[in-house]
Amino acid sequence: MKPINVLISCLAVVLVAACGSPNPVLTKSPKTPGTELIVSNYQAMDQLLQKNQTNLTPAKPVLVTSLADINNLELSSPLGRISSEQLASRLVGSGYAVVEVNMGNRLRINRGTGQLILSRDVRELSRESGAQAVVAGTFTVSQNEVFVNLKLLRADDGRVLSAHDYVLKMDDNVQSMVTPVRRYTVY
């Protein structure tokens, strides 16, 4: 076989394999303002799943909590809440069951703040929700960037299954969402 035919055959195989991917990775930054955040969060969830060394069952629930401000773990922000929604969307798009639940005193729901895990007793969390894993994370704001850390935790014992760090550029959209909101008491 001629070298050019081998090259064309290899290229065809790569293109066919890329088209058949069940979970495409978004790599190109879209032109629409604000969609960079979606792309960054989708890529982060892809990395979290790829780094996981265990077998998650797609039909068994995964909980996604609001990203917390690392300076005050009881606070989130619009950025932390929308990021968790986008992470959950990517999980669903990847074929995983995602459940939104109020875990009583295990998961605090604060009006305007989001869902924050208070208890480290993830065995109880797993039992109450039937979750196999929890996605949790933190963020911190610097002058020009927001640093984000995500963890995929096994729900029955809290073991970290995978972790991923990424950086968001501080554009006007991100800047408008990073201010922590004040905490509200929910009865």
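User: Relative accessible area, computed with a 1.4 Å probe and counting protein chains only, classes a residue as buried when under 20%, exposed when over 50%, and partly exposed in between. At 38% relative accessibility, which class does Asp157 fall into?

Analyst: This is a predicted model, in which local features need pLDDT of at least 70 and side-chain atom pairs count only at pLDDT 80 or more, whereas totals for chains, interfaces and linings use all residues. Residues are numbered from 1 along each chain as its sequence is written, and side-chain values use heavy atoms, with hydrogens and water left out. Because the intermediate class lies between the 20% and 50% limits, a relative accessibility of 38% makes Asp157 partly exposed.

User: Which residues share a salt-bridge network with Arg154?

Analyst: A salt bridge requires a side-chain nitrogen of Lys or Arg within 4 Å of a carboxyl oxygen of Asp or Glu. Arg154 meets this rule with one aspartate at a closest N and O separation of 3.4 Å, and with another at 2.6 Å. Salt bridges with shared partners thus join Arg154 into one network with Asp156 and Asp157.

User: How many residues apart are Asp46 and Arg90, whose side chains meet in a salt bridge?

Analyst: The N to O distance of this pair is 2.8 Å, and both partners are buried, Asp46 with a relative accessible area of 1% and Arg90 at 8%. Helices are DSSP runs of H or I with at least four residues, strands are runs of E with at least two, and both are numbered from the N terminus. The salt bridge between Asp46 and Arg90 links distant parts of the chain, from helix H2 (residues 35-51) to helix H3 (residues 78-93), with a separation of 44 residues.

User: Which residue in the turn of the E6-E7 hairpin has a positive phi?

Analyst: Strands count as paired if DSSP finds at least two bridges between them, and E6 (residues 145-154) with E7 (residues 160-169) has nine, in the antiparallel sense. Leu153 has Val160 in E7 as its bridge partner. Five residues lie between the two strands of the hairpin, and the one with a phi of about 80° is Gly158.

User: What share of the contacts with a separation of 6 or more comes from residues 24 or more positions apart?

Analyst: The protein has five helices and seven strands, following the pattern α-α-β-β-α-β-β-α-β-β-β-α along the sequence. Contact here means heavy atoms within 4.5 Å. Among the contacts with a separation of 6 or more, residues 24 or more positions apart account for 64%.
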